[in-house]
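I opened this model to take notes on its fold, its core and a few single residues. The entries follow in the order in which I looked things up.

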Amino acid sequence: MPAAIKHFSAAAADPHIIHQYLKADGVVIVEGATTRETTDTILEEVGSVPDGQTYALAAKSTTFATQLLMNPLYLDLTNRILTDACIIYYEQERTVSISEPQVSQTSILSAQPNSLPWGLRRQDECHHISHPAKREAQLGIMYAAHDLTRDNGAVRVVIGSNHWTDSRDPKPEDEYLVELRKGDALIWLGSTYFGRAPNVTDQNSVLLSATATAGYRRQEENQYLAVPWEVVERYPTPVQRFLGYAVSRPYGGSVEHMDPLDFMKVKGDWSKYVPVDLI
């Protein structure tokens, strides 16, 4: 029988403690991570969705992009787990160059009545990671937009599988079914196996999901096409940067050696650009 998942209250969640449990178990639950009203607003903005996974949620819902994606606890954890620093040498000087996390994917996970199960999988598979991972490549968060039960599409997770080698396959007895109340969130490491149970009820159940990756890695979902600039330009600067419109220092993702946001603001016109140090 697998161990139970550690639960935390959003009101009293300590990122340092949650980080320790994530390293140990690969997954945690945050109760009351958002309000029921917020999830309702997002579903209204999105409209009807088909069964399975629908991508580019950050383009389909302003509320998701500006609130749930930017959850302070989630951002704190992405910085702890995915930020990377290196020493840059240039012209007899050395400096620390920091690569900050970026969004990898946003999506809606819908389990309609009589839907089949899916999974199990590791979210970091697109990054060609060997396990156990020397350093994590993904951190995900799922918000329950409906009460999630064992019967209507609970999340399947394998607690502690972030420590497994690639030669070990999960068995049915390794799985734990995660039930969530509307507004709760599940946070998991990309190296942890997860999936979705079948929905044997007559009611739909939806999860609102986002994953982040290191700034120097390729995004699982191309955010510049999935969430085009015409949408992104209406978002606050922190959202724009998290979606990838920022340099992963020293130079990753620059445009003509300009920070992407600077490039977009001056539309590539060098005469209006004030050079900055991208290291």
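What percentage of the 279 residues in the protein is buried? I found that buried residues make up 51% of the 279. Buried here means under 20% relative accessible area, exposed means over 50%, and partly exposed lies in between, with a 1.4 Å probe and protein chains only.

Ground rules. I noted that this is a predicted model, in which local features need pLDDT of at least 70 and side-chain atom pairs count only at pLDDT 80 or more, while totals for chains, interfaces and linings use all residues. Residues are numbered from 1 along each chain as its sequence is written, and side-chain values use heavy atoms, with hydrogens and water left out.

Entry: overall fold. I looked up the secondary structure and found nine helices and 13 strands. Helices (H or I, at least four residues) and strands (E, at least two) are DSSP runs, numbered from the N terminus. The C-alpha trace spans about 60 × 40 × 35 Å along the principal axes. The radius of gyration is 19 Å, which agrees with the value near 19 Å for a compact globule of 279 residues. That radius is taken over C-alpha atoms, and the globule rule is 2.2 Å times the number of residues to the power 0.38.

I then checked contacts, meaning heavy atoms within 4.5 Å. Among contacts between residues at least 6 apart in sequence, 75% join residues at least 24 apart.

Entry: surface and charge. The accessible surface comes to about 13400 Å², and 51% of it belongs to carbon and sulfur atoms. These areas come from the Shrake-Rupley method with a 1.4 Å probe; for residues, only the protein chains shown count as cover. I also looked up the charges: the mean positions of the 25 positive and 35 negative ones are 3 Å apart. Lys and Arg count as positive and Asp and Glu as negative, while His and the chain ends are not counted. Each charge is placed at NZ of Lys, CZ of Arg, CG of Asp or CD of Glu.

Entry: nonpolar cores. A nonpolar core is a set of buried Ala, Val, Leu, Ile, Met, Phe, Trp, Tyr and Cys residues joined through side-chain atoms within 4.5 Å. Which members of the largest core touch the most other members? They are Leu22, Phe64, Leu139, Leu208 and Leu243, out of 45 residues. Helix H5 (residues 72–82) gives the largest share of this core, five residues. Apart from it lies another core of 16 residues, including Ile29, Met142, Ala144 and Trp188. In soluble globular proteins, nonpolar side chains tend to be buried together.

I followed Phe64 further. Leaving out residues up to four places away in sequence, Phe64 touches ten listed partners, among them Ile42, Leu57, Tyr143 and Leu208.

Entry: histidine 19. This residue sits in helix H1 (residues 15–25). Histidine 19 counts as buried because its relative accessibility is 12%. Beyond its neighbours within four places in sequence, histidine 19 is in contact with Leu77, Arg80 and Ile81.

Entry: arginine 122. Is arginine 122 buried or exposed? I found it buried, because its relative accessibility is 5%. Arginine 122 belongs to strand E7 (residues 118–122). Its partners more than four places away in sequence include His131, Trp164, Asp166 and Tyr193.

Entry: backbone oddities. Most residues other than glycine have a negative phi, and most peptide bonds are trans. I noted a cis peptide bond from glycine 119 to leucine 120, with omega near -10 degrees; leucine 120 lies in strand E7. The bond from histidine 131 to proline 132 is also cis, with omega near 0 degrees. Proline 132 is in the loop between E7 and strand E8 (138–144).

Alanine 56 has a positive phi, near 60 degrees. It lies in the loop between strand E3 (52–55) and helix H3 (57–60), and alanine 56 is buried at 9% relative accessible area.

Asparagine 114 has a positive phi, near 70 degrees. This asparagine is in the loop between strand E6 (102–111) and E7, and it counts as exposed at 63% relative accessibility. Asparagine 114 touches Asn199 and Thr201, residues up to four places away in sequence not being counted. The C-alpha atoms of asparagine 114 and asparagine 199 are 5.3 Å apart, with their positions 85 residues apart in sequence.
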